[in-house]
Amino acid sequence: MRKLQVQGVHHITLTGADRQTSLDFWEGVLGMPFIFDQPNLDNPDEGHLYFDPGDGRLITIFTNEARAPVHRRTPTDPGCVHHLAFNVSKATFSQTIDRLDARGIGHSGVKDRGFMDSIYFKDPLGLLIELACYRFEPPMGCSHADVMIEAHRRRVAQGDHHIAEVHLADAIEALVARRQQSLSEDRSAKDPYGRG
């Protein structure tokens, strides 16, 4: 047997209500450009809207004018989507609470996740949305996943409960040491101030 090796999320498709609700939320609240529109090729009674979440991938929504928004929480049974998380910059993250409050959108407030900060709120159809902001930038040539696996290994080796910023900082240092060559024979930490 051989694997079917994936190389990233191609798109995520959600069942929406009416067209305008989708446009107002995905572009009007989350700022995702509306880039493509066509009928649902498997159901002629539905539209199919495409949005760019910021990385060139796609979030697509099946819409139907006969469906009204349902505001209760979407199911969290096994096999259901619990939430969708979107990356935001620190600048945007620091404005999130004020901007949600200005719209009257209830939210979780800031949640400390150790390696990132998160804020949760529901879309108009009850789907839980997370806006996440990493607390680190990966070294050149590395991904966030590279840092996370290295930080995880350090956390486990130290017997710590969850990834904290110290694990991230040490992981980044280790990745730079492995990936970036140096003319120095000894790259260990030094005290150039001569204080011992």
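Here are some worked exercises on this predicted model.

**Exercise 1. Work out which cysteines, if any, are paired.**

Start with the global count: a search of the whole structure turns up zero disulfides. Now check the individual residues. Cys-133 is in no disulfide, and the nearest cysteine sulfur, that of Cys-142, sits 19 Å away. Flip it around and you get the matching result: Cys-142 is in no disulfide either, with the sulfur of Cys-133 as its nearest, 19 Å off. A disulfide needs the two sulfur atoms within 2.5 Å, so that pair doesn't qualify.

Next, look at the surroundings. Cys-133 has a relative accessible area of 5%, so it is buried. Cys-142 is buried too, at 13%.

**Exercise 2. Take the salt bridge between Arg-19 and Asp-37 and say which parts of the chain it ties together.**

First, the general idea: side chains of opposite charge can pair when their charged atoms come close. This structure holds eight salt bridges. In the one we want, the side chains of Arg-19 and Asp-37 meet at 2.7 Å, N to O. Then place the partners: Arg-19 lies in helix α1 (residues 19-27) and Asp-37 in strand β2 (residues 34-40), so the bridge ties together parts that are 18 residues apart in sequence.

Last, check exposure. Arg-19 has a relative accessible area of 30%, so call it partly exposed. Asp-37 comes out at 37%, which means partly exposed as well.

**Exercise 3. Do the same for Arg-67 and Glu-46, then decide whether each partner is buried or partly exposed.**

Distance comes first: the closest N and O atoms of Arg-67 and Glu-46 are 2.7 Å apart, and the two form a salt bridge. As for location, Arg-67 is in the loop between β4 (58-63) and β5 (83-87), while Glu-46 is in strand β3 (residues 43-51); the pair links distant parts of the chain, 21 residues apart.

Now for accessibility, where buried means under 20%. Glu-46, at 11%, is therefore buried. Arg-67, at 25%, counts as partly exposed.

**Exercise 4. Look at Lys-190 and Asp-186, then find a salt-bridge network.**

Lys-190 forms a salt bridge with Asp-186, with 3.1 Å between the closest N and O atoms. Lys-190 has 53% relative accessibility, so it counts as exposed. Asp-186, at 48%, is partly exposed. For the network, follow the salt bridges that share partners: they join Asp-112, Asp-117, Arg-135 and Glu-165 into one.

**Exercise 5. Map the nonpolar cores and pick apart the contacts of Trp-26.**

The largest core has 21 residues. Trp-26, Phe-51, Leu-84, Phe-86, Phe-121 and Ile-129 have the most contacts inside it. Two or more residues come from each of α1, β3, β4, β5, α2 (90-103), β7 (116-122) and β8 (128-134).

Zoom in on Trp-26, leaving out residues up to four places away in sequence: its contacts include Phe-51, Leu-84, Phe-86 and Ile-129. Among the others it touches are Leu-14, Gly-31, Met-32 and Asp-123.

There's also a second, separate core, with nine residues. Cys-142 from Exercise 1 is one of them, and Ala-151, Ile-163 and Leu-175 belong to it too.

**Exercise 6. Locate Ser-184 and compare its sequence and spatial separation from Leu-58.**

Ser-184 falls in the segment after α4 (165-179). Its relative accessible area is 43%, so Ser-184 is partly exposed. Ser-184 and Leu-58 are 126 residues apart in sequence, and C-alpha to C-alpha they are 45 Å apart in space.

Notes: Residues are numbered from 1 along each chain as its sequence is written. This is a predicted model: local features need pLDDT of at least 70, side-chain atom pairs count only at pLDDT 80 or more; totals for chains, interfaces and linings use all residues. Side-chain values use heavy atoms; hydrogens and water are left out. Helices (H or I, at least four residues) and strands (E, at least two) are DSSP runs, numbered from the N terminus. Buried means under 20% relative accessible area, exposed over 50%, partly exposed in between (1.4 Å probe, protein chains only). A salt bridge is a side-chain nitrogen of Lys or Arg within 4 Å of a carboxyl oxygen of Asp or Glu. A nonpolar core is a set of buried Ala, Val, Leu, Ile, Met, Phe, Trp, Tyr and Cys residues joined through side-chain atoms within 4.5 Å. Contact means heavy atoms within 4.5 Å.
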